[in-house]
Amino acid sequence: MQDILFYVFAGLVLICGFLVVANPFSRSPVTSAMFLVLTIISLAGLFVLLHAFFLAAVQILVYAGAVMVLFLFVIMLLDLKVEDRRRLKVFSIVTGLGASGAILFMFMRHLLHAPLVGQSATLSEGATIPLGHLLFENYLLPFEVVSVLLLVAMVGVVLLSKKELK
Amino acid sequence: MTQAIIDWAQSPAGAFALFSALKILCAFSVLMFIVAYSVWVERKVAAAIQDRIGPNRVGFFGLLQPAADAVKAFLKEDFTPGHVRKVYFWLAPAIVMIPSLLTMALIPFGSNIGSQKMVIADLNVGILYTFGIVSLGVYGIVLAGYAANSKYPFLGGIRSSAQMISYEIAMGLSVIPIFLLVGDLNLSSVISYQSGGIFGWLIFKQPIAFLIFMVAMFAETNRLPFDLPESEQELAGGYNVEYSSMKFALFFMGEYAAMTTASAMMVTLFLGGWTLPFAGLDQPATTLIGGILHIAIFLVKMCSVIFMIIWVRWMWPRFRYDQLMDLGWRRFIPLALANIVITAIIVWAATK
């Protein structure tokens, strides 16, 4: 059952991911954005299969629920008729395939030589309490650094969106 | 063959699947019943407030009105205007319905009957899942606005996405103090925390959180006083202008389903869920009667909240858009943040 679900979700991720960048039926940016939402939700399904419920819920909450809605918001407000008419170019296909092939090659080289690891030792079943302990005890400094980074980004956005500085 | 099926039904996995399917079926039919009849209640309450009679032609007290409305919605011509974006036009009404149905899975609507817990999925990350699914609700409306490919629906869609994103933040922040107190994200533990005395209910322990959550809920479900995405006088009906027949009815049902789910969330988080603070009704039931009684208590509480929401709709004028944004960003978010800090300090001081 779990294996079947893995292949379903993995297949969905791959198909939807492909349709985000190269949809043969529609060049509309809104369609691409919607397929990106589907990709994110399928990824959350893969997280659930790994018992990482917290990660799955946050993935949907943050990416599908907040980030992509803002993307859609911006795409709809812009006039994207030019984008609709644009066709796939040979150059972009070749460079895209080259880049993803290179990444695949690096992954495969590493994976084929890596020793097989069994069930990972720290299976915390994605519960929230162990995750909290991990974040606020073992990785407190990186966590705080990331928070400060986000704060800086937020202050920057507020500053940029102010039309005139007093 | 039949022996194999019986064996499967008695194995843990089979029993789980069977009982889950049964619970899903019951929860879904009750939800649909409530959706249909809250429309009837809405019309009756509106009539009473405006000194009218309301629907009284179909059946006793107009009680068959929802059935008549359903027949009308199905039989009307399903017209698709020529200028719409077809795929999204078909997809949007379905997407509107899905999130509220998915959220229902998390709500503990009773204690237990026999050995079965009366909740479809007792997740450890309950509330996070709920907020994740609720945040997907905006897609239906935004896509409806985009699909219609004309001015007013589009403005309605844009308005709703801005409104829902803004109030999701306030809503999410408002429930954090609750989980600081409870110490768990699981909704069943939230209810067991509230058992024992009416002042154990979180509405009394966290009145500010309750206030923010309630107002944000009005905004999230696009109900008056925050129904700006479809305000008739400005937008000619907003995102659902181009829709007719059953597709329009799905938007309508989606609104009421979201309202029902939001009331269920409110009952679970703030009003003690299926518990009542006397006669031992705040402990999980041991008998069949007790189990059924708990479900009845939950339904009564939920329907009272729905009634309150309907009442508010006919008593309040609509907010202006800048007032709405001002309330969300400049009043509620700072208030919710202050509430989190104060609660955190109290919890910290109590454990010291």
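Two residues are in contact here when they have heavy atoms within 4.5 Å of each other. Keep that in mind, since this predicted model has a helix pair in chain B whose meeting residues we can list. We'll also look at two loop residues, H51(A) and D51(B), with a positive phi.

**Two helices side by side in chain B**

- Packed helices get described by the angle between their axes and the distance between those axes.
- For helix 5 (residues 126-148) and helix 6 (residues 151-182) of chain B, the angle is about 170 degrees and the axes are 8 Å apart.
- Angles over 145 degrees count as roughly antiparallel, so helix 5 and helix 6 of chain B are roughly antiparallel to each other.
- On the helix 5 side of the contact you'll find, among others, I127(B), F131(B), V134(B), I141(B) and Y146(B).
- Helix 6 of chain B brings residues including P153(B), F154(B), M164(B), E168(B) and F179(B).
- Sorted by class, this contact has 14 nonpolar, seven polar and one charged residues.

**Two loop residues with a positive phi**

- Most residues other than glycine have a negative phi.
- H51(A) isn't a glycine, yet its phi is positive, at about 65 degrees.
- You can spot H51(A) in the loop between helix 2 (29-49) and helix 3 (53-77) of chain A.
- H51(A) counts as partly exposed because its relative accessibility is 30%.
- D51(B) isn't a glycine either, and has a positive phi of about 60 degrees.
- Look for D51(B) in the loop between helix 2 (12-49) and helix 3 (65-75) of chain B.
- With a relative accessible area of 73%, D51(B) is exposed.

Methods. Residues numbered from 1 in each chain as written. Chains lettered and ligands numbered in written order. Predicted model: local features only at pLDDT ≥ 70, side-chain atom pairs only at ≥ 80, totals over all residues. Heavy atoms only, no water. Helix = DSSP H or I, 4+ residues; strand = E, 2+ residues; numbered from the N terminus. Buried < 20%, exposed > 50% of the residue type's maximum accessible area, 1.4 Å probe, protein only. Axes fitted to C-alpha atoms, helices over the stretch in contact; angles between N-to-C directions. Parallel < 35°, antiparallel > 145°, perpendicular 65-115°, else oblique. Nonpolar A, V, L, I, M, F, W, Y, C, P; charged D, E, K, R; others polar.
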